[in-house]
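Please open the model in your viewer and keep the sequence panel visible. The tour below proceeds selection by selection.

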Amino acid sequence: MIRLRPGPPATVADLRRAQQLTGLLRGELERVRAAAVAWRNGLGGLLVALVGFSLIRGRSDVSTLAPGWGALVGLLLLAALLAGVAGALALLRAAHGRLAVTPVAALPPAPLGDHLEAVAAVRSLRTGVGLVLLCTTLLVAAVGVTWYAPAAPPAHSPAVSLPVGAA
């Protein structure tokens with residue numbers, strides 16, 4: 001049979017450590033959310049500068065590219081759009097929480113619930129940052145393709161026949 005007995009009494013250092021840990025857990029979610037808002041704003045500004053102000057620009061008409069290269073630019077832009085939207089949603093989730101209501105019976109105790117939400121918010125923040133940087137990379141790659149892809153061959157004009165003896 002196993003008997004449980006109380007352990008030694010807590011020391012002053014143990015009590016201070018418990019207070020520090022409680023203080024860190026109490027403000028953890030707010031700190032993570034503030035960091036997520038800052039990242040969201042900073043990365044949003046980066047994308048606005050990149051797209052809105054056209055700081056990087058290649059050919060404006062992809063039909064002047066060799067066959068297949070225009071489709072590659074389109075695929076890169078589509079992938080950039082998808083990564084950007086997914087990244088923005090992840091950053092919004094990190095900054096503002098999950099878009100769901102948890103039943104009262106399923107709510108964990110306050111410190112544990114806040115910690116679990118902070119962990120999920122950090123995961124969403126990392127995912128969002130990575131996806132927005134991927135979006136930026138794909139946009140730059142699409143512009144790079146428009147710069148460096150070969151041009152479409154010139155359209156052949158119909159042969160002009162000259163009358164005999166006119167040349």
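**First selection: a nonpolar surface patch**

Select L75, L78, L81, L82, V85, L89 and L92: these residues form a nonpolar patch on the surface, with about 680 Å² of accessible area together. A patch is made of residues with over 30% relative accessible area and no salt bridge; like charges are joined within 9 Å, and nonpolar side chains (Val, Leu, Ile, Met, Phe, Trp, Tyr) within 5 Å. Accessible areas come from the Shrake-Rupley method with a 1.4 Å probe, and for residues only the protein chains shown count as cover. Within this patch, V85 lies in helix 2. V85 counts as partly exposed because its relative accessibility is 44%; buried means under 20% relative accessible area, exposed over 50%, and partly exposed in between (1.4 Å probe, protein chains only).

The model is predicted: local features need pLDDT of at least 70, side-chain atom pairs count only at pLDDT 80 or more, and totals for chains, interfaces and linings use all residues. Residues are numbered from 1 along each chain as its sequence is written, and side-chain values use heavy atoms, with hydrogens and water left out.

**The whole chain**

Now switch to a cartoon view. The protein has 3 helices and 0 strands, and its pattern along the sequence is α-α-α. Helices (H or I, at least four residues) and strands (E, at least two) are DSSP runs, numbered from the N terminus. Of the 167 residues in the protein, 26% are buried. The protein exposes about 11900 Å², of which carbon and sulfur atoms supply 69%. Among contacts between residues at least 6 apart in sequence, 92% join residues at least 24 apart; a contact means heavy atoms within 4.5 Å.

**The nonpolar core**

Next, select L91, L125 and C135. These are the residues with the most contacts inside the largest nonpolar core, which has 20 residues. Such a core is a set of buried Ala, Val, Leu, Ile, Met, Phe, Trp, Tyr and Cys residues joined through side-chain atoms within 4.5 Å. Helix 1 (12-52), helix 2 (69-96) and helix 3 (110-148) each supply at least two residues of this core. Which helix gives the largest share of this core? Helix 3 does, with 8 residues. In soluble globular proteins, nonpolar side chains tend to be buried together.

Centre the view on L91. Apart from its neighbours within four places in sequence, L91 is in contact with R40, L43, S124, L125, G128, V129 and V132. Then add N41, which lies in helix 1. The C-alpha atoms of N41 and L91 are 9.5 Å apart in space, although the two residues are 50 apart in sequence. N41 has a relative accessible area of 46%, so it is partly exposed.

**The salt-bridge network**

Select E117 and show its side chain. The structure holds 2 salt bridges, each defined by a side-chain nitrogen of Lys or Arg within 4 Å of a carboxyl oxygen of Asp or Glu.

- E117 and R33 form a salt bridge, with the closest N and O atoms 2.6 Å apart. The pair links distant parts of the chain, with E117 in helix 3 and R33 in helix 1, 84 residues apart. Both E117 and R33 are buried.
- E117 and R93 also meet in a salt bridge through their side chains (2.6 Å, N to O). Here E117 in helix 3 is joined to R93 in helix 2, 24 residues apart. E117 and R93 are both buried.

Display R33, R93 and E117 together: they are linked in a network of salt bridges.

Move next to D114, also placed in helix 3. D114 counts as partly exposed because its relative accessibility is 31%. D114 and R26 are 88 residues apart in sequence and 7.8 Å apart in space, C-alpha to C-alpha.

**The aromatic pair**

Select W147 and Y148. The structure holds 1 aromatic pair. The ring centres of W147 and Y148 are 6.0 Å apart and the planes stand at 85 degrees, so the pair is edge-to-face. Rings of Phe, Tyr and Trp (its six-membered ring) pair if their centres lie within 6.5 Å; planes under 30 degrees apart count as stacked, over 60 as edge-to-face and the rest as tilted. W147 is partly exposed at 43% relative accessibility, whereas Y148 is exposed at 69%.

**Last selection: a loop residue**

Finally, select S63, in the loop between helix 1 and helix 2. S63 is exposed, with a relative accessible area of 53%. The C-alpha atoms of S63 and A152 are separated by 7.7 Å, with their positions 89 residues apart along the chain.
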